[in-house]
Amino acid sequence: MNNLVLNGSLDASKLHNIYIQSADGSFLFDNNSNKFIDLNSGLWNVTIGNDKEFNNEIKKKIIEIFENNLPYLDISSYNNNLYDDTAEKLLHFTNNDKLIYTSMFFTNSGSESVELSYKLTRSIVKDKKIITLKDSYHGTFYGGMALSGITKSYVEGHRPDYTNISNWKLPIGKEEQSNFFNKLNESKSEIGAVFLEPIICSGGIKYSDLSFYNKLMSFCEENNIITIFDEVATGFYKTGKRFFFNHLELAPDILCLSKGINNGTLPSGAVLINKKVKQKLNDTVGEHFSTQNGNLLCIKTIETTLDYYEKHEENIIETVKYIEKIINTIAGIYDVDIRNFGLMTGIPISKKEILYKIQEKLRASKILTFCYETEENQGLIIMPNINIDKSIFEKSIVYIMKLVSKME
């Protein structure tokens, strides 16, 4: 195999190492026509799923771009109505009739969205500390890896600059939250920003209660601390609302998006900023740009996806509620410990060897899930798409919970 992925090491095996050739509804098909139920949603990119209605609309819109004989345009040199129209649509979708974000940047990925956000933040806060969470994951660019807590043990060969970045443990429960805020208050004059993955995804679907986030956001606003949410994984209905911050009283100053922004169809992302951040940036000098930012084909897929979300929003939200209820109900029946929020479920497993055996048995049963490993624990992650066949999903969850209950 000549294509390489630097995922720890060059010879690291892929999670499932299956040659996938096609998809139909809830299933992926390999070279031998075996069909698999995908409870990983293309590593959380394929929020809508492999939906024929959606993909046909994407295909039609991309053809329209080619009919203009202009599949590429340099966004740093030229303007195009599609830039402004899609930016306005995304801002409206994200603001949801409130004035939160006033401007945005197009990017090529979640990692790039984080990288840009880090540059913007650092240009504002200078050498002040940036607080992140211990098990958080913020992509594989240098800035993002410096912010990530979970990847520190994997980057000795190209160590990022951790200067003035501090990883704090996500506080669970009143005592830990009290200690967190005491520490925050003691060092508030040294802190310039708080950079959060509001639900720690690759670290096992970990989150605190909403009152913690509300208190943190209020504290940051009162103390002129910039807040950044990495909603690359949590955005676009995975938590039952358009974005995680919609569960809160305040919105972050900077918002990083990707994955569900266009159902993974082309490399795309965005960074949204509010008026306060834009005003602060007016007094700074910075550099961030690639010639593929704002690729017209990518932007068209974003516009098309947002149209789909708005058209189907009521059904999407009801489906997320249904999935959340089913997972919690079945986990309760089989007495399996889980962490669940909307579409997102983590199942802690006591030992790595048990986790690997469970994963192997699931794959043999044609069920694909993701697994997480941190310094302290490991487990399965389930994150289905919103158009998954409900009957197949329920049967799969019953099988998984039975298997975990038996092997744990």
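This tour moves from one helix to the loop after it, and then to a pocket and a cavity.

The model is predicted, so local features are given only where pLDDT is at least 70 and side-chain atom pairs only at pLDDT 80 or more, while totals for chains, interfaces and linings use all residues. Residues are numbered from 1 along each chain as its sequence is written, and side-chain values use heavy atoms, with hydrogens and water left out.

**Helix 4**

Select residues 110–125, which form helix 4. Helices (H or I, at least four residues) and strands (E, at least two) are DSSP runs, numbered from the N terminus. Of the 16 residues of helix 4, 15 are buried, so this helix is largely enclosed by the rest of the structure; buried means under 20% relative accessible area, with a 1.4 Å probe and protein chains only. The end C-alpha atoms of helix 4 are 22 Å apart, which agrees with the 22 Å that its residues should span at 1.5 Å a residue. That expected span is 1.5 Å times one less than the number of residues.

**Lysine 126**

Next, select lysine 126, in the loop between helix 4 and strand 5 (129–133). Lysine 126 follows helix 4 and has a positive phi, near 60 degrees. Its side chain reaches the backbone oxygen of serine 123 at 2.8 Å. Now add asparagine 164: its C-alpha atom is separated by 9.7 Å from that of lysine 126, although the two residues are 38 apart along the chain.

**The second largest pocket**

Select Met104, Phe105, Phe106, Leu116 and His288, which lie nearest the centre of the second largest pocket among its 27 lining residues. A pocket is an open set of points on a 1 Å grid over the protein atoms alone, with protein on both sides within 12 Å along at least five of seven lines; lining residues have an atom within 4 Å of a point. About 690 Å³ of space lies in this pocket. Helix 3 (81–95), strand 4, helix 4 and helix 8 (275–281) each supply at least two residues of its lining.

**The largest cavity**

Finally, select the lining of the largest cavity, including Phe106, Asn108, Gln292 and Cys298. A cavity is a set of grid points where a 1.4 Å probe fits but cannot get out. The largest cavity has a volume of about 30 Å³. Strand 4 (101–107) and helix 9 (296–333) each supply at least two lining residues, and helix 9 gives the most, with three.

Technical notes:
Polar contact = N/O pair within 3.5 Å; in protein donor to acceptor, adjacent residues only side chain to side chain. Points joined across faces, edges and corners; volume = space filled by probe spheres on them. Buried < 20%, exposed > 50% of the residue type's maximum accessible area, 1.4 Å probe, protein only.
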